[in-house]
Amino acid sequence: MSTALHAYLLPAAFSPSTPPPTKPPSFQFDPPFSLFRFSGSLSSACVVRATSRFSPVGKVQSVSTMADGDENLGSVKQILEMLFAQSIRLTVPDETEVAPIITPCKDLRHGDYQCNNAMSLFARIRGRVPQYSNPPSVGQAIMNNIPTSEIIESSRIAGPGYVNVVLSRKWMAKRIHKMLKDGIETWAPKLPVKRAVVDFSSPNIAKEMHVGHLRSTIIGDTLARMLEFSNVEVLRRNHVGDWGTQFGMLIEYLFETFPDWEVASGQAISDLEAFYKASKQRFDADPEFKERAQQAVVSLQGGEERYRKAWAQICEISRKEFKKVYERLGVHLEEKGESFYNPFIPKALDLLNKEGLIEESEGARVIFVEGISRPLIVVKKDGGYNYASTDLTALWYRLNEEKAEWIIYVTDVGQREHFEMFFTAAKRAGWLPAEADKYPKVNHVGFGLVLGEDGKRFRTRSSEVVKLVDLLDEAKNRCKTALIERGKDKEWTEEELEQTAEAVGYGAVKYADLKNNRLTNYTFNFDQMLNDKGNTAVYLLYAHARICSIIRKSGKEIEELKRVGTVALEHPDERVLGLHLLQFPEVVEEACTNLLPNVLCEYLYNLSEDFTRFYTNCQVVGSAEETSRLLLCEATAVVMRKCFHLLGITPVYKI
């Protein structure tokens with residue numbers, strides 16, 4: 001990559017009038033965040049369970065002391081959860097395991113965050129604790145018992161006992177500046193797992209990847225990236241369809257059509273889709289060919305060398321084609337396909353059988369699942385295995401051999417029932433806990449269809465599925481044309497033009513998908529996704545480039561400003577932007593725990609809007625506050641770049 005190209009692409013208040021009856025103790029972090037044992041489902045409100053581990057241990061230490069000296073305190077929300085957990089314990093000491101409910105305020109005129117425990121607590125203690133006559137009285141006590149902290153500037157009661165909290169501007173500014181000096185990784189969320197499997201993409205051998213694979217691939221990649229950022233070891237698994245009855249058909253067709261297949265197999269299957277269709281047509285139309293194909297399956301599964309070699313060559317040709325797509329998308333996967341798990345199937349089924357789960361039904365071996373009329377077939381009538389037997393075996397392997405604590409499957413919503421059935425079977429076998437919120441756990445991340453503008457499945461004009469390679473080419477070419485129309489071909493080298501068109505084009509395709517709730521269908525529209533206005537990747541990439549331009553034009557060395565300067569949040573729009581920046585860790589946590597990439601997209605777009613408002617109302621270059629505001633620009637750019645990275649999008653620095 002040329003030196004010039006690096007300039008364009010990714011480089012490296014109210015106070016309570018009535019004082020509390022006694023001064024609450026300062027809150028101790030001992031050690032930072034080990035006090036939190038995440039158990040159960042992590043909801044979008046990040047509700048966690050307060051346990052006996054919240055008891056102060058050893059020397060009491062104030063929040064302010066720890067805030068100054070430790071970069072691993074977690075998100076603002078988690079710190080507030082700690083503070084309010086201690087306050088609730090002091091307020092109602094006989095009520096154990098009360099989860100602090102902390103949410104950002106929707107209207108910043110009321111505060112920055114809100115504790116919403118008063119109503120539910122009053123319902124639990126009503127009539128038993130006479131000093132509390134209503135929810136506001138509980139809320140007042142919770143507020144009075146908040147430990148001393150430099151994090152909170154003020155607090156007040158609203159409505160039925162809500163405790164609204166305003167954060168300290170000084171503390172906010174110091175935390176942002178510390179991130180700039182120490183790196184965005186210090187804002188990584190703290191998740192309750194150390195190792196996870198993300199099973200995504202999973203194309204079938206001998207078929208080209210099409211637009212239907214796009215969603216699984218980019219949603220799975222984003223989930224993996226967010227977990228990795230959160231310091232979870234992620235096993236990125238590509239569960240390709242490389243085993244099964246279709247290979248008898250493919251191998252027999254290869255033998256018949258290309259007698260010298262060992263030499264010419266690459267030429268024979270140069271068009272994977274055409275090769276598969278031709279073999280399928282022959283299989284459906286010719287009974288004798290069908291019989292030979294079925295016998296070829298037996299030979300393959302029996303390990304005959306000729307058939308194994310042909311199978312391996314077909315798989316390798318497909319892998320090379322898949323690799324080209326993954327490289328374009330910047331996606332890394334480790335293949336462990338159906339064939340990998342095949343040798344483990346008898347053992348897994350034997351374990352299920354010993355638990356009494358497998359029954360005979362109409363010649364097949366099945367598992368009945370309560371509430372679903374049809375059984376889960378694990379051995380077909382002919383003795384062969386199927387998706388259920390492979391998926392159960394893969395789950396057993398991931399739990400017992402790979403020691404995964406969280407296994408995430410990214411497929412279309414049409415497979416929901418299949419996953420429900422084999423998850424239930426695994427719970428009955430004791431492989432998984434019965435409670436959905438306990439670990440190890442499994443999740444099916446379903447997603448809707450990609451539709452054309454006619455509201456039907458997205459296809460070509462000839463009703464063929466859209467190949468993913470063709471779609472990416474089109475996105476890049478359209479971006480390149482737009483850049484040339486802006487005269488960039490006269491300013492940039494051809495390499496710079498190509499790389500920028502690729503970054504923006506591929507980013508636009510990814511973001512257009514990821515910004516939608518994954519459960520819904522979405523309409524694929526190049527004109528909308530490549531628009532430079534509104535909630536699009538193009539708009540966000542341009543916004544990032546503008547921030548970088550502001551810093552460059554200042555003529556200041558940003559690393560020197562980080563070292564000698566400070567951040568201040570005196571103007572209201574500076575404070576709003578600073579608060580939004582500080583909420584980045586909890587947004588990533590929410591997106592991870594709920595497996596919803598669109599949460600991160602919404603955050604990124606709103607961050608861009610907040611920056612625009614700040615830049616419109618606050619002069620940066622040449623102002624008395626120039627140093628602080630340049631640092632705020634840099635902090636915004638750093639967070640935006642991390643968002644782009646988590647979404648698998650390459651940022652541009654100049655446009």
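**Helix α10, a parallel sheet and two cysteines**

The exposed residues Pro287, Glu288 and Glu291 sit on the face of α10 that is turned away from its buried side. All of this comes from a predicted model.

Me: What makes Phe289 of α10 count as buried?
Reply: Buried means under 20% relative accessible area, and Phe289 is in that class, along with Ala293, Ala296, Val297, Ser299 and Leu300.

Me: Why are those buried residues said to lie on the same side of α10?
Reply: Because they cover an arc of only 165 degrees around the axis. Their packing partners are α7 (246-257), α9 (272-285) and α11 (305-329).

Me: How do you know what span to expect for α10?
Reply: Take 1.5 Å times one less than the number of residues. With 15 residues (287-301), the expected value is 21 Å, and the helix reaches 21 Å from its first C-alpha to its last.

Me: What makes β5 and β6 a pair?
Reply: A pair needs at least two bridges; these strands, 195-199 and 233-238, have five, in the parallel sense. One of the bridge partners is Arg237 in β6, matched with Asp199.

Me: Why are β7 and β12 called edge strands?
Reply: In the open sheet, the order runs β7-β6-β5-β11-β12. β7 (334-335) and β12 (441-447) each pair on one side only, so they are the edges.

Me: Why is Cys115 called buried?
Reply: Its relative accessible area is 1%, and the cut-off is under 20%, so Cys115 qualifies. Cys592 is buried too, at 1%.

Me: How many disulfides turn up in the whole structure?
Reply: Zero. A disulfide would take a pair of cysteine sulfur atoms within 2.5 Å.

How values were computed:
Residues numbered from 1 in each chain as written. Predicted model: local features only at pLDDT ≥ 70, side-chain atom pairs only at ≥ 80, totals over all residues. Heavy atoms only, no water. Helix = DSSP H or I, 4+ residues; strand = E, 2+ residues; numbered from the N terminus. Buried < 20%, exposed > 50% of the residue type's maximum accessible area, 1.4 Å probe, protein only. Arc of directions from axis to C-beta. Contact = heavy atoms within 4.5 Å.
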